[in-house]
Amino acid sequence: EIAQTVTLIELVPEGIPEVMAMSADPYLRGGIKTGEVPRPMTGFVAGKVIESQNEAWPVGSLMGAALPFSSVQLVTSEVLSKTMSWNLTDHISEDEITLGIGVLGMPGSTAYGGLTGVLRPNEGETLFVSAAAGAVGSLVGQMAKAKYNCTVVGSCGGAAKNELVKAKFGFDHAIDYKELSSDDKAAELASKIKEAVPDGIDMYFENVGGYHFEAAMATLRPKGRIAVCGSISTYNYESGTAPLNNINISQMIYTFQRIEGFVCMPWLTGRQGNFLADVSQWYREGKLNVEETTFDGIHSWVDAFAALFTGANTGKVVVKL
C-alpha cells in the first residue's frame, strides 16, 4: 500500500521531515511475500527537516532514516529512538539527497561494515563479490580496491554489467553468470573464478546465495572469510522451499575459514567504525563511483522494487519524490 499521504505519528514536540527519496531494497521481499510488512510500508528514506522542535535536528537538516514510505510525516524522539537515523547535513547537499539512501545509506554502510568489520582484508588479498553491479556489490569492490589494494572479481548478469563493473567500478575481473550453461553451475562458476585468480580467493562478499556460495566455498583459500549480507536468489521461494547450501564443516577446521552473517546497523548508526566520515571522504576524493537507477514519483515504487528481481537495475534503485 503506497499512497501520496501525510502521515502524522502522534506525540509532539519533535520534527517533520519531507521525504525526498525512497529506497527499494531486496530485503523487503520477505515481508511483502508473507504480508508481514508494516502498513504503511517502512524502509530507508532521505529528506529534509522542514519543521522541528528537536535540537538534534534543526530545520534544514538532511536526514536519512528507516521510516514509513510517505512524503511528509511527524517524527518524534520516541520514534527515532526505535529506528535507525543518520545526519547527512555535513556530507551532501540537497541536490545529492539520493546518496543518503545509497553510498551514504544502507548499501554503503553494508559494504563498509562487511568489508572493514567482517572480512577485515589484508593488503593485496583477493575478494570475490556476487551481484557486483548492484548497490552493495559495486561499492564493496571499490572500497576493497581503494583501501586495501585488493584484487577484485565480480559476478553479474550480462555483458553490459560486466563491462560496467570493470570500466566504472574498477574490478579486475568480471564473470557473467548468465553464460553458465552446465547442469553444475557451482562447479562451472568455480572454474571461472579459478581462471581469473588461479590461487583462489581470500574473501567472498555474499549477496546472492545458491550456487554462488558453493563456488566461493570451493575456491576459498585457507584463512578465507565469507561475509553474508544477502541471498537474493532465494527471496522469491515460498517459506521453507528454497534450496539449501551445502557446507563441508570439516573443510573449515584446519583451514581456519570463517563464515559470518551481519547487518548494516552498527555502522550506519555510528556505533561501530567511522562510516559517514570515511565513505563521504572517499566519494569526494573520487575513489567511489556511484550508479543509480532512478524512478520518479511515489507511485513508481512498485516498478522500482520489481526492477531488483528482473535485472533491470544497475547500482542503487531510488525513487525520487
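Two rings of Phe, Tyr or Trp count as an aromatic pair if their centres lie within 6.5 Å, and planes under 30 degrees apart make the pair stacked. By this rule, the structure, which is a predicted model, contains 10 aromatic pairs. One of them joins F128 and Y204, whose ring centres are 5.1 Å apart and whose planes meet at 20 degrees. That angle is under 30 degrees, so the pair is classed as stacked. F128 belongs to strand β7 (residues 126–129) and Y204 to strand β10 (residues 201–206), so the contact ties together parts that are 76 residues apart in sequence. Both residues fall under the 20% limit for burial: F128 is buried at 0% relative accessibility, and Y204 is likewise buried at 0%. Elsewhere, F69, W301, F305 and F309 form one aromatic cluster.

Strand β7 deserves a closer look. Its two faces are both covered, since T126 and F128 on one side are buried, as are L127 and V129 on the other. Strand β7 runs parallel to strand β8 (residues 151–156), and four bridges join the two. Within this pairing, V129 stands opposite G154 of β8. Between the two strands the chain passes through helix α4 (residues 135–148), and the resulting β-α-β crossover is right-handed. Strand β7 also runs parallel to β10, to which it is joined by three bridges. Here the bridge partner of F128 is Y204, and these two residues also form the stacked aromatic pair described above.

The charged side chains provide a second set of contacts, with 10 salt bridges in the structure. One of them brings together K316 and D25, at an N to O distance of 3.2 Å. K316 lies in strand β14 (residues 316–320), whereas D25 lies in the loop between β2 (14–23) and α1 (29–34); the pair thus links distant parts of the chain, 291 residues apart. K316 and D25 are both buried.

A further salt bridge is formed by the side chains of E125 and R225, at 2.6 Å from N to O. This pair, too, links distant parts of the chain: E125 is in the loop between α3 (106–119) and β7, R225 is in strand β11, and their positions lie 100 residues apart in sequence. Both E125 and R225 are buried.

Strand β11 takes part in another such contact, in which R221 forms a salt bridge with D202 and the closest N and O atoms are 3.0 Å apart. Because R221 lies in β11 and D202 in β10, the pair ties together parts that are 19 residues apart in sequence. The two partners differ in their cover: R221 counts as partly exposed at 33% relative accessibility, while D202 is buried, with a relative accessible area of 10%.

The surface offers a contrasting subject. There, I247, I249 and I259 make a nonpolar patch of about 260 Å². Of these residues, I247 is located in the loop between β11 (220–228) and α8 (249–253). Its relative accessible area is 42%, so I247 is partly exposed.

Note on methods:
Residues are numbered from 1 along each chain as its sequence is written. This is a predicted model: local features need pLDDT of at least 70, side-chain atom pairs count only at pLDDT 80 or more; totals for chains, interfaces and linings use all residues. Side-chain values use heavy atoms; hydrogens and water are left out. Rings of Phe, Tyr and Trp (its six-membered ring) pair if their centres lie within 6.5 Å; planes under 30 degrees apart count as stacked, over 60 as edge-to-face and the rest as tilted. Buried means under 20% relative accessible area, exposed over 50%, partly exposed in between (1.4 Å probe, protein chains only). Two strands pair if DSSP finds at least two bridges between them. A crossover is right-handed if, with the strands pointing away from the viewer, the path from the first strand over the helix to the second runs clockwise. Patches are made of residues with over 30% relative accessible area and no salt bridge: like charges are joined within 9 Å, nonpolar side chains (Val, Leu, Ile, Met, Phe, Trp, Tyr) within 5 Å. Accessible areas come from the Shrake-Rupley method with a 1.4 Å probe; for residues, only the protein chains shown count as cover. A salt bridge is a side-chain nitrogen of Lys or Arg within 4 Å of a carboxyl oxygen of Asp or Glu.
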